[in-house]
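Trainee: I am new to this structure and would like a close look at one part of it. Please pick a spot and take me through it step by step.

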Amino acid sequence: MTRHTSGAKSTQGRLYIDGEFVCHTLENPWLNNERRVSCIPGGTYELGLRTEGNWANIHSLRRFPNEPIFHQGMIEVLNVPNRSAILFHWGNLPEETDGCMLVGERPARDKVIDSVKAYRKIYPRIVTELRCGWSVPLTIEGVLT
């Protein structure tokens with residue numbers, strides 16, 4: 001993931017899988033890695049599958065009510081210093097990030113558009129590898145202010 005813009009309201013970037021651009025990202029601005037209001041520090045992290053909690057259960061059932069096989073848990077960024085439950089999820093605005101990473105098909109100022117469409121694109125690619133027991137690293141590079 002490459003971050004390219006960071007401001008008072010958000011941090012925006014691009015997500016690549018195996019070197020291929022797949023979607024845009026939206027995170028909170030950098031606020032010293034403070035829980036639920038800051039983007040996470042740059043670095044390399046492992047991804048995992050979180051099958052507990054509201055996002056993994058309640059929210060995903062509302063978003064994908066007829067597709068229980070599609071959604072098997074939330075993609076989680078693991079081992080972030082002083083943080084937990086950092087998820088990739090759908091949403092459009094900085095206030096919907098909750099310290100997590102939103103994905104979208106198109107960027108706009110301080111938001112992403114067509115988030116569920118982007119989520120449907122990245123989810124099976126990442127989860128298939130996790131379900132096979134493979135290591136799925138996420139490297140985050142780029143601006144922080």
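Mentor: Happy to! One term comes up right away: a helix here is a DSSP run of H or I that is at least four residues long, and helices are numbered from the N terminus. Please also keep in mind that this is a predicted model.

Let's begin in helix 2, with tyrosine 119 and tyrosine 123. They sit four residues apart in that helix, so about one helical turn separates them. Their rings form an aromatic pair, with 5.3 Å from centre to centre and 35° between the planes, which makes the pair tilted. Residues under 20% relative accessible area count as buried. Tyrosine 119 is therefore buried, at 0%, and tyrosine 123 is buried too, at 1%.

Now bring in a third ring. Tryptophan 90 and tyrosine 119 have ring centres 4.9 Å apart and planes at 80°, so this pair is edge-to-face. Tryptophan 90 belongs to the loop between strand 6 and strand 7, whereas tyrosine 119 belongs to helix 2 (residues 115-131), so the pair ties together parts that are 29 residues apart in sequence. Tryptophan 90 is buried, as is tyrosine 119. Put together, Trp90, Tyr119 and Tyr123 make up one aromatic cluster. The structure has three aromatic pairs in total.

From tryptophan 90, let's follow its loop further. Threonine 97 is also found there, between strand 6 (86-89) and strand 7 (101-104). Threonine 97 has 0% relative accessibility and therefore counts as buried. Leaving aside residues up to four places away in sequence, threonine 97 touches Leu26, Glu27, Asn28, His89 and Leu102.

Next in this loop comes aspartate 98, which is partly exposed at 34% relative accessibility. Its side chain meets that of arginine 36 in a salt bridge, 2.8 Å from N to O. Arginine 36 lies in the loop between strand 3 (20-27) and strand 4 (43-50), so to speak a distant partner: the two residues are 62 apart. Arginine 36 is partly exposed as well, with a relative accessible area of 45%.

Helix 2 has a salt bridge to show us too. The side chain of lysine 121 meets that of glutamate 105 at 3.1 Å, N to O. Glutamate 105 is in the loop between strand 7 and strand 8 (106-108) and lysine 121 is in helix 2, so this pair ties together parts 16 residues apart in sequence. Lysine 121 is partly exposed, at 36%, whereas tyrosine 119 and tyrosine 123 in that helix are buried.

Conventions. Residues numbered from 1 in each chain as written. Predicted model: local features only at pLDDT ≥ 70, side-chain atom pairs only at ≥ 80, totals over all residues. Heavy atoms only, no water. Buried < 20%, exposed > 50% of the residue type's maximum accessible area, 1.4 Å probe, protein only. Contact = heavy atoms within 4.5 Å. Phe/Tyr/Trp six-rings, centres within 6.5 Å; stacked < 30°, edge-to-face > 60°. Salt bridge = Lys/Arg side-chain N within 4 Å of Asp/Glu carboxyl O.
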